[in-house]
Amino acid sequence: MSNLLTSRQAEELHKSLIAYLAACGHTTAAQAVRDDVNLPESSFDPATTKKYEACWRKNGPVSSAYRRRLWISNPERPNVAAKGARTAYLTIAPPTITSVAFHPLFSSLASGSEDCTIKIWDYELGELERTLKSHTKAVLDVDFGGPRGGTLLASCSSDLTRQQRTLHPLRRRRRPLSGNLLASASRDRTIRIWDVTTGYCLRTLRGHGDWVRSLSPSLDGRYLVSTSSDQTARLWDLSLPDSNALKQTFLAHDHVVETCALAPGSTYPHLAALAGLKKPPPSTSTAEFLATGGRDKLIKIFSTNGICLKTLSGHDNWIRALAFHPGGKYLLSASDDKTIRCWDLAQEGKCVRVVEAGDHFVSALRWAPSLFRDPAVAAVGRRGRMGWGMGEAEEGWDRSMGVLGRDRRRRKSR
């Protein structure tokens with residue numbers, strides 16, 4: 001073996017073996033290897049330890065301590081729990097969680113995973129309710145939505161399929177023009193619009209030059225923002241024919257654009273100031289501003305005319321997810337630097353809080369409606385690429401950020 005490895009490579013291999021044995025609790029074996037290779041304890045610096053721990057967590061667990069968690073926090077009041085909020089952890093054994101989605105009426109949480117399953121959780125009890133098994137490869141994204149009169153859970157996977165399941169056959173008010181549409185993005189450089197009642201592909205949007213990474217639909221289903229490995233974001237007007245659907249292309253990132261988020265109307269007073277507008281656009285307009293995040297570690301805020309209004313820097317790794325606070329004042333971002341950052345749009349995008357989110361990459365954020373009108377954000381590892389093209393704006397959100405759940409009571413009517 002010494003003839004195959006350089007002295008540097010051999011030392012790294014010895015360190016990894018010793019660290020692995022120590023993490024598994026085999027201290028005697030670890031000490032024996034250390035003595036045999038004449039490797040002193042002082043040779044293990046904190047950076048080396050973090051490096052190998054990250055490798056183990058990425059490639060597989062070495063102990064129960066490396067389980068993934070979903071968590072609750074409060075971005076504005078870190079020491080005070082939001083009214084009605086429940087701080088809870090769902091401990092989920094590896095492999096990595098890829099996506100999460102909240103049920104629109106019950107406090108249910110669905111999570112997709114690399115083990116090819118979808119799990120439904122009850123956060124009140126912190127228990128797993130059921131496991132859905134139908135995909136044959138990693139589940140990349142999950143989302144709730146569906147046509148008028150029912151709620152569906154949609155999923156997409158590396159097995160190149162999309163599937164829908166009815167979890168709770170409940171009535172919900174929907175935008176009638178878009179309540180049965182589902183948008184999906186793919187490595188084939190296209191965006192496809194599906195009718196979930198028939199399973200047919202209605203439209204195929206082409207224009208990106210590489211893998212389409214993420215989608216963000218407007219509340220009324222008319223507009224759709226997409227990001228791609230071609231380092232661009234694009235805004236599509238779905239009310240126009242396919243040949244004219246591309247409304248704007250956004251060029252500002254120097255690397256793959258991983259994620260995007262259309263700004264809700266509640267953000268317009270703050271973002272209009274960044275744009276130099278004397279009067280904000282009407283809140284009924286569903287596509288005036290958007291945010292994108294990429295592998296260049298930057299967040300860009302755009303107006304939909306293509307002008308970059310602000311660049312937010314602070315993350316030390318790829319930006320994986322973005323979510324505007326429903327109240328309009330904040331933008332939250334998740335990154336592979338294992339943090340979630342809260343940006344105050346009223347202070348020109350100043351970072352007002354950094355949340356150490358866990359021991360692994362954080363790459364999905366979701367706001368959730370709540371029984372007590374206090375939303376939550378779920379943070380997990382990896383990304384998703386699918387979105388329902390419809391939904392109704394919820395009012396009366398407070399400022400809590402957190403996770404998950406299920407409650408069999410119906411939500412109060414808005």
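The exchange below goes through a predicted model and asks what supports each description of it.

User: What makes some stretches of the chain less certain than others, going by pLDDT?

Analyst: The mean pLDDT of the protein chain is 75, and 69% of its residues reach 70 or more. Over residues 56-87 the pLDDT is below 50, although this stretch has 98 contacts in the model beyond near neighbours in sequence. Residues 371-376 also have pLDDT below 50, with 34 contacts beyond near neighbours in sequence. Since pLDDT is the predictor's confidence in each residue, on a scale from 0 to 100, the values for 56-87 are statements about confidence, and the contacts there are contacts in the model.

User: Why are H1 and H2 called roughly antiparallel?

Analyst: Helix H1 (residues 7-23) and helix H2 (residues 27-36) pack at an angle of about 165°, and their axes are 7 Å apart. Angles over 145 degrees count as roughly antiparallel. The pair H1 and H2 is therefore roughly antiparallel. Their crossing is left-handed.

User: Which residues make the contact of H1 with H2, and what is its make-up by class?

Analyst: H1 contributes Ile-18, Leu-21 and Ala-22, while H2 contributes Thr-27, Ala-29, Ala-30, Val-33 and Arg-34. By class these are six nonpolar, one polar and one charged residues. Arg counts as charged, and Arg-34 belongs to the H2 side of the contact.

User: Why are S3 and S6 called edge strands?

Analyst: The open sheet has the order S3-S4-S5-S6, with antiparallel pairing. Strand S3 (97-102) and strand S6 (127-133) each have a single partner strand, so one side of each is left without a neighbour in the sheet. From one strand to the next the twist averages 25°.

User: How do you know that S5 and S6 pair?

Analyst: Pairing requires at least two bridges between the strands. Strand S5 (residues 117-122) and S6 have six bridges, in the antiparallel sense, so the criterion of at least two is met. In S6, Leu-132 is the bridge partner of Ile-118.

User: What makes S13 and S16 the edges of their sheet?

Analyst: This open sheet of four strands runs S13-S14-S15-S16 and is paired antiparallel. S13 (212-217) and S16 (246-251) have a single partner strand each, so one side of each lacks a neighbour in the sheet. The twist here averages 20° from one strand to the next. Within the sheet, S14 (residues 223-228) and S15 (residues 232-237) pair in the antiparallel sense over five bridges. Tyr-223 is opposite Asp-237 in S15.

User: How many bridges join S11 and S12, and which residue of their hairpin takes a positive phi?

Analyst: Strand S11 (residues 190-195) and strand S12 (residues 200-206) pair in the antiparallel sense over six bridges, and a pair needs at least two. Ile-193 stands opposite Arg-203 in S12. The hairpin has four residues between the strands, and Gly-199 takes a positive phi near 85°.

Conventions. Residues are numbered from 1 along each chain as its sequence is written. This is a predicted model: local features need pLDDT of at least 70, side-chain atom pairs count only at pLDDT 80 or more; totals for chains, interfaces and linings use all residues. Side-chain values use heavy atoms; hydrogens and water are left out. Contact means heavy atoms within 4.5 Å. Helices (H or I, at least four residues) and strands (E, at least two) are DSSP runs, numbered from the N terminus. Axes are lines fitted to C-alpha atoms, for helices over the stretch in contact, and angles run from 0 to 180 degrees between N-to-C directions. Angles under 35 degrees count as roughly parallel, over 145 as roughly antiparallel, 65 to 115 as roughly perpendicular and the rest as oblique. A crossing is left-handed if the near helix is turned anticlockwise from the far one by less than a right angle, and right-handed if clockwise.
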